[in-house]
Amino acid sequence: MDYLTGLFGLSGKTAVVTGGSRGIGQTVALGLAQAGAAVAILCRSEPEETLTQIAAAGGRAYHIAADVADETAVDAALTEVLRRSGSLDVVFNNAGICIHKPTVEATVDEWKRVLDVNLNGTYIVSRAAGRIMIENGIHGSIINNASMSGTVVNVPQWQCSYNASKAAVLHLTRSLAVEWADYGIRVNSISPGYTATAMSVDTPEELKNAWLPLIPMRRMGRPEELVGAVLYLASGASSYTTGADLIVDGGYVCR
């Protein structure tokens, strides 16, 4: 068997990536396209750079505007993906935000905002995709971008809302995996550690200097180092894997 194009290939598949305009979402969208998938990018603004990169690599991609926390918009967007591409095989729930604030200083509105994007958005997109897959007999793969923060409490920054949202995403993943197993729909997650994206690179230097000694590999990860985990979970290589979480964190949670 040709493992690259066979077991791990996505030729003929359609993949949806939320929050694909930059960072992890952008890199994973490119990786899915290079594996052969047609990629629909769901985000509020036009992801011009991502679309350009995919086209330059010979891939296929298009953008559909949608806020992941808006149920009506998400339902319409995924219905449009099905209409345009004829299938909906892979979903990478990547859209997410983080607010670093001590809990007593953070507002309830900030708490709600983080959970609305990270947890509710993941639920809304997964629910809409699951409905389409079930109705059309698609044995699809849903991959949620969780975080090592769903397993451990990061220090020295305080980010209670983010940690709670990602812990919930992990259990949402397991719950949907069990509920939809009879339909042939697999639901898994990846849990990145500190990764060099806009969310972490723009973080104050004193925080990053505190993080590195806590990472056994003594460096932050790169977005491209997450692509392999997503391709595994998206492809037939993981046909017997569901409800799993792949931690890609340089050994942080092993401390």
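**Helix 5, helix 6 and the core**

Biologist: Is the crossing of helix 5 with helix 6 left-handed or right-handed?

Modeller: This is a predicted model, where local features need pLDDT of at least 70, side-chain atom pairs count only at pLDDT 80 or more, and totals for chains, interfaces and linings use all residues. Residues are numbered from 1 along each chain as its sequence is written, and side-chain values use heavy atoms, leaving out hydrogens and water. Helices are DSSP runs (H or I, at least four residues; strands are E, at least two), numbered from the N terminus. With the near helix turned clockwise from the far one by less than a right angle, helix 5 passes helix 6 in a crossing that is right-handed.

Biologist: How are helix 5 and helix 6 oriented to each other?

Modeller: Helix 5 (residues 108-135) and helix 6 (residues 160-179) have axes 8 Å apart and an angle of about 15 degrees, using lines fitted to C-alpha atoms over the stretch in contact and N-to-C directions, from 0 to 180 degrees. Angles under 35 degrees count as roughly parallel. Helix 5 and helix 6 are therefore roughly parallel.

Biologist: Which element gives the largest share of the largest nonpolar core?

Modeller: This core (buried residues, under 20% relative accessible area with a 1.4 Å probe, joined through side-chain atoms within 4.5 Å) has 33 residues, and Leu78 and Leu88 touch the most other members. Strand 2 (38-43), strand 3 (60-65) and helix 4 (71-85) are among the elements giving two or more residues. The largest share, eight residues, comes from helix 5.

Terms used. Parallel < 35°, antiparallel > 145°, perpendicular 65-115°, else oblique. Buried < 20%, exposed > 50% of the residue type's maximum accessible area, 1.4 Å probe, protein only.
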